[in-house]
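Welcome, and thank you for joining this tour. Please open the model in your viewer and keep the selection tool at hand.

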Amino acid sequence: MENTLTNSPATAPVPASRKQRDLLAFAAVLGGLLLFNFIAQRFFFRVDLTEEKRYTMSDATKKLLRDLKQPVTITVYLTGDFPPAFRRLEQGVRETLNEFQVYGGANLNYIFIDPSAGGTEAARNAFYTTLFKKGLKPTNLGATENGKRVEKIIFPWAVVSVGGKDRNVLLLRGNQAAPADVRLNQSIEGLEYELASTIRTLVPALRKRIGVIEGHGELTNAQAGDILGTWQQQYDVFRVTLNKVKDLSALDAVVVAQPKSPYTEDEKFKLDQFITNGGRALFFVDALRVDLDSVSRNGVALATPYNLNLDDLFFKYGLRLNQNLLLDLNSGQIPLVTGMDGNKPKIEPMPWQLYPLINKFSPHPITRNLDAVYLKFVGNMDTVKATGIRKTALMTTSRYTRVLPAPVPINFNDARLEPNPKLYQKGFQPVAYLLEGQFTSLFANRARPGTLQFQPEKPANAKPSKILVVSDGDFIRSDIDPKTGNPYRLGFDRLANTEFANRELVLNATDYLLDETGLIAVRGKQITLRPLDKVKLAEQRRRWQLLNLGAPLLLLGVFGAVRSWRRKRRYAGFAG
């Protein structure tokens with residue numbers, strides 16, 4: 001018995017070598033962890049394993065955030081008790097801001113505030129009023145959850161604050177005609193650009209210079225007031241009369257907005273030299289004149305061709321504006337007198353096919369996930385051969401389009417008639433083009449107008465350029481509020497009480513033309529929507545719930561049983 005007890009492994013001392021091995025193993029693990037933390041702090045990296053790289057910031061965004069010189073605070077009001085569909089957008093905002101903070105460091109902070117978290121109804125209403133005054137409007141967004149329609153009032157806004165300046169950011173973007181889940185996905189795709197571009201506009205930087213051409217009956221400051229004011233928040237904007245300046249070299253971009261009288265050859269030469277030397281341009285030009293002030297008593301006007309003396313310039317660059325008007329069954333409205341209400345005329349909005357609503361866009365970053373835009377009296381365009389020029393049709397009319405060649409009689413009483421769909425069979429017609437590349441001068445191997453100065457085939461300072469051409473001069477015109485005389489936001493339609501995306505498209509295009517960082521390319525980011533099969537989900541819901549709940553418990557039980565069996569087997573020899 002004594003020998004058995006003294007030799008029993010249960011009471012025998014553990015050899016010193018085993019203690020040393022355990023201590024060495026512990027020290028090695030601890031040292032490895034410390035070394036890993038040391039290296040991780042100095043050599044930062046993140047791995048995005050998603051197929052579409054949804055958590056990967058663009059190089060332009062990273063540079064913007066790393067170069068921040070002052071604190072940026074982002075206050076997000078999109079939080080609260082949401083159904084799962086809405087929580088996806090909230091979670092997307094959180095994930096995006098987490099990534100922003102990685103690269104912005106201590107200079108970027110964000111907070112989430114629930115607008116509905118007030119303790120009393122009076123407190124909530126007071127907070128809602130505060131948000132209204134800041135321009136943050138609520139959205140009633142619907143979705144289907146578990147076969148039931150769910151609606152929720154949310155504030156899909158963030159406020160970016162830099163150096164005492166605030167800018168509102170709408171987080172719920174996308175095409176309103178799309179299903180709710182698709183629109184939410186489009187909003188998530190655009191989060192990085194919406195937030196990063198807003199930060200960029202608030203951070204002090206070298207401002208680009210935009211010249212708005214005048215002297216040919218172009219839109220006035222009041223008519224283009226909203227977009228001019230918006231541009232001025234980020235750029236230096238000037239009115240420029242071509243016959244009063246030597247050249248346009250001091251500018252980065254020019255805007256030609258609905259001219260009505262012809263350009264001289266010398267004025268056209270200045271535009272041409274500016275573009276062929278790398279200057280950027282935005283043209284909003286009508287091919288036909290529609291003078292609503294000359295409507296006859298029977299409600300008829302005549303659309304006739306303009307002579308702007310720009311056709312050869314566009315043709316040289318690879319584009320032709322056709323002298324016609326497009327009618328689209330997908331259209332806006334005009335107010336018409338439909339009868340008398342007592343002794344007053346009764347005015348009602350009527351569909352007007354000459355005001356197309358455009359909802360078909362190129363996947364280009366300028367127009368990706370864009371809501372519908374509003375046009376008035378627009379013609380189509382054709383492309384012609386221009387070596388080295390890349391042409392992108394950014395917008396087209398709907399499938400149900402009609403083309404009327406000039407001269408076009410316009411009878412406003414036609415709005416009372418039901419359109420004949422058989423006449424609307426011309427298909428998708430392009431109304432906006434983006435041209436990119438090294439443009440060849442219209443005046444190459446010719447003398448400058450009014451001089452004997454011969455122009456070389458390629459200017460010495462020639463650089464690639466980009467120009468946008470929209471065949472609608474009204475595209476950047478804002479309606480005027482009759483009570484205040486101030487312009488409405490660009491794209492706002494009083495009859496439909498709806499704001500179309502004209503403003504967003506113009507700002508995207510300006511950003512694309514002038515931004516050298518490439519941040520606008522972030523709008524091309526795509527996140528694939530992978531919905532579950534709703535039929536199978538309903539049929540197999542209980543099975544998967546039991547599997548999700550039972551499988552972990554079963555695995556845990558098996559693991560415990562195996563571990564207990566191994567321990568018994570390992571120490572079975574010590575029991576005797």
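## The whole chain

Begin with everything selected and the surface switched on: the protein chain has an accessible surface of about 31,900 Å², and 55% of that belongs to carbon and sulfur atoms. Keep in mind as you look around that this is a predicted model.

Now change to a cartoon view. The secondary structure of the protein chain consists of twelve helices and 26 strands. Of the 576 residues in the protein chain, 43% are buried. Contacts across the sequence are worth a thought too: taking those between residues at least 6 apart in sequence, 74% join residues at least 24 apart.

## First stop: a patch on the surface

Select Phe26, Leu30 and Leu34, and show their side chains. Together these residues make a nonpolar surface patch of about 330 Å². Then pick out Leu34 on its own; this residue belongs to helix H2, which covers residues 16-42. Is Leu34 buried or exposed? Its relative accessible area is 55%, and because exposed means over 50%, Leu34 counts as exposed.

## Second stop: a loop residue

Next, select Thr367. You will find Thr367 in the loop that lies between strand E17 (360-361) and strand E18 (373-374). Here the picture is one of burial: Thr367 has 1% relative accessibility and counts as buried, since the cut-off for buried is under 20%.

What does the side chain of Thr367 reach at 2.8 Å? Show the backbone of Ser362 and look for its oxygen, which is the atom in question. To see the surroundings, add Phe361, Ser362, Leu394, Leu505 and Arg523 to the selection; Thr367 is in contact with these residues, leaving aside its neighbours within four places in sequence.

## Third stop: a strand residue

Finally, move to Arg320, which sits in strand E13 (residues 319-321). Arg320 has 37% relative accessibility and counts as partly exposed, because that class lies between the 20% and 50% cut-offs.

Add Asn322 and show both side chains: the side chain of Arg320 makes a polar contact with that of Asn322, at 3.4 Å. Then select Thr383 and draw a distance between the two C-alpha atoms. Arg320 and Thr383 are 63 residues apart along the chain, yet their C-alpha atoms are separated by 6.1 Å.

Which residues does Arg320 touch, not counting those up to four places away in sequence? Select Phe315, Asn380, Met381, Asp382 and Val384 to show them.

Conventions:
Residues numbered from 1 in each chain as written. Predicted model: local features only at pLDDT ≥ 70, side-chain atom pairs only at ≥ 80, totals over all residues. Heavy atoms only, no water. Helix = DSSP H or I, 4+ residues; strand = E, 2+ residues; numbered from the N terminus. Buried < 20%, exposed > 50% of the residue type's maximum accessible area, 1.4 Å probe, protein only. Contact = heavy atoms within 4.5 Å. Areas by Shrake-Rupley, 256 points an atom, 1.4 Å probe, with all protein chains shown as cover. Patch = residues over 30% accessible without salt bridge, like charges linked within 9 Å, V, L, I, M, F, W, Y side chains within 5 Å. Salt bridge = Lys/Arg side-chain N within 4 Å of Asp/Glu carboxyl O. Polar contact = N/O pair within 3.5 Å; in protein donor to acceptor, adjacent residues only side chain to side chain.
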